[in-house]
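Colleague: Could you take one place where two helices pack together and describe it closely, after a few words on the chain around it?

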Amino acid sequence: MPVRAVIDRGAWSWALFEWARNPWVLLGTIYVFAPYISNVVIGDPVRGQALIASWHTTAGVIIALTSPFLGAATDRMGRRKPLLAVCVTALALFIAVKWWALPNDAGLPLWAIGFFTTAAGVAFVYTEVLHNAMLTRAAPPAVLSRVSGLGLALGNAASVLLLVFVLVTMALPGQVALPFLPDAPMFGLDPAQHEPSRVVTLICAAWMIVFTIPIFLYTPDLTTTGERFGDALRHGVGNVIRTILKLNQYRNVALFLIARMLYADGKTAILIFSGVYASGVMGWELLEMLSYGILLSIFAVLGGVLSGWFDHAVGLKRAVVIEIGVTLLCLIFMVSMSPESMFFLPVAPGVAVWDSPLFATAPELAYLGFAVIIAISITAAYGSSRALMARLAPPGMEGEVFGLYALAGSATAWLAPGLVAFFTTAYQSLRAGFASIALLLFAGVTLLLFVKPPPAQGK
């Protein structure tokens, strides 16, 4: 009997989950809200990058200590959907409450903003563990890479849609005179109170709740074993410890997890800090950051779509190596850009090379070009890595292995923010902090070269 190669309703619903959840990454942690926190609420880009790094470091430690046990507990309970519903609800709440983040302690105090940022980071990864563990139930091996890439493509497509919506209805009105634009931001938002930047919290939280519904209705879940969460968590601790101890029986899986532990931390750090870096170094404000985010998200859709094809064309392992290598090179080129330099060589600042209100100088255009390439490569690497893990996972251990996969993506999650915070503070330089991420990408891709690829599947 031929292998089923159709992306059915359950697989589409699984992929649509990233359409629901991933816009917060782009609007919240990269292009709009995080730069607002750094530059406006904290009021100092250097201190802001260091402080945001410390919040993500704390989240990384919590994730590293807990996520594998969550995955093991759900393996014992069977069903993933009940816990997924709890984590999605908590994540939406933690995001929405940051609407009250205002400068000069006019709203949430800074410690509360840090708390909810940390809590949202932890909840986001919990949803990722549970969602990833459902992939092998949602998609057969013949289309697994395509479905994994489809999820990332949909996540970035939703981000483009919301970024354009915020740009046209909230950021541009009152700033640019165009016939199709309203005279003032929608919903009576007040730019003086930074509401066009803050409103992305409410939009992303509502969007997430609405579009996560299909996965609960249509994506297959395992049958419940009847074991309660507390008992499953207690027994799961032993399972995780035994799995870690017997990883010598799965040395290829262990080597991949270690490699991913390093390069995934680097990729995540790029996502977290690229917006803060671009805003602080290039001096881009809300209009530039929204335009930047829209452009990169459009190309990130391409990365998600192409990742499945690329996996089949060159093989899963080779695809990940190439994608991480390209990410590393682009990161080096990006940090070589500033208003006064290109490729670390001085240039005259502020000289326009074309007639445009945005991205008019050569360093800005070069930075933008490398950022476009990194958007494609980093999104493709997420899809390819997830598909490779699903193919390497021993049958019946998907939840536990994806818990370890989350651990591999977060056990050193304190390291990249820690490196960024240290180098940013030590050199009082956003460039030095952002560049330190290259160390993790290089180490990860080097180890990845020694991972044995999984056997080929029918196409």
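Modeller: Buried residues, meaning those under 20% relative accessible area with a 1.4 Å probe and protein chains only, make up 60% of the 459 residues in the protein chain. This is a predicted model, in which local features need pLDDT of at least 70 and side-chain atom pairs count only at pLDDT 80 or more, while totals for chains, interfaces and linings use all residues. Residues are numbered from 1 along each chain as its sequence is written, and side-chain values use heavy atoms, with hydrogens and water left out.

The pLDDT, the predictor's confidence in each residue from 0 to 100, averages 85 over the protein chain, and 93% of the residues score at least 70. The secondary structure comes to 20 helices and 2 strands, which are DSSP runs numbered from the N terminus (helices H or I, at least four residues; strands E, at least two).

Now to the chosen part: helix H2 (residues 23-31) packs against helix H8 (residues 144-171) at an angle of about 55°, and their axes lie 7 Å apart, where axes are lines fitted to C-alpha atoms, for helices over the stretch in contact, and angles run from 0 to 180 degrees between N-to-C directions. That angle makes H2 oblique to H8, because angles under 35 degrees count as roughly parallel, over 145 as roughly antiparallel, 65 to 115 as roughly perpendicular and the rest as oblique. From H2, Pro23, Leu26, Leu27 and Tyr31 meet Gly155, Asn156, Ala158, Ser159, Leu162, Leu163 and Val166 of H8, contact meaning heavy atoms within 4.5 Å.

Terms used: Buried means under 20% relative accessible area, exposed over 50%, partly exposed in between (1.4 Å probe, protein chains only).
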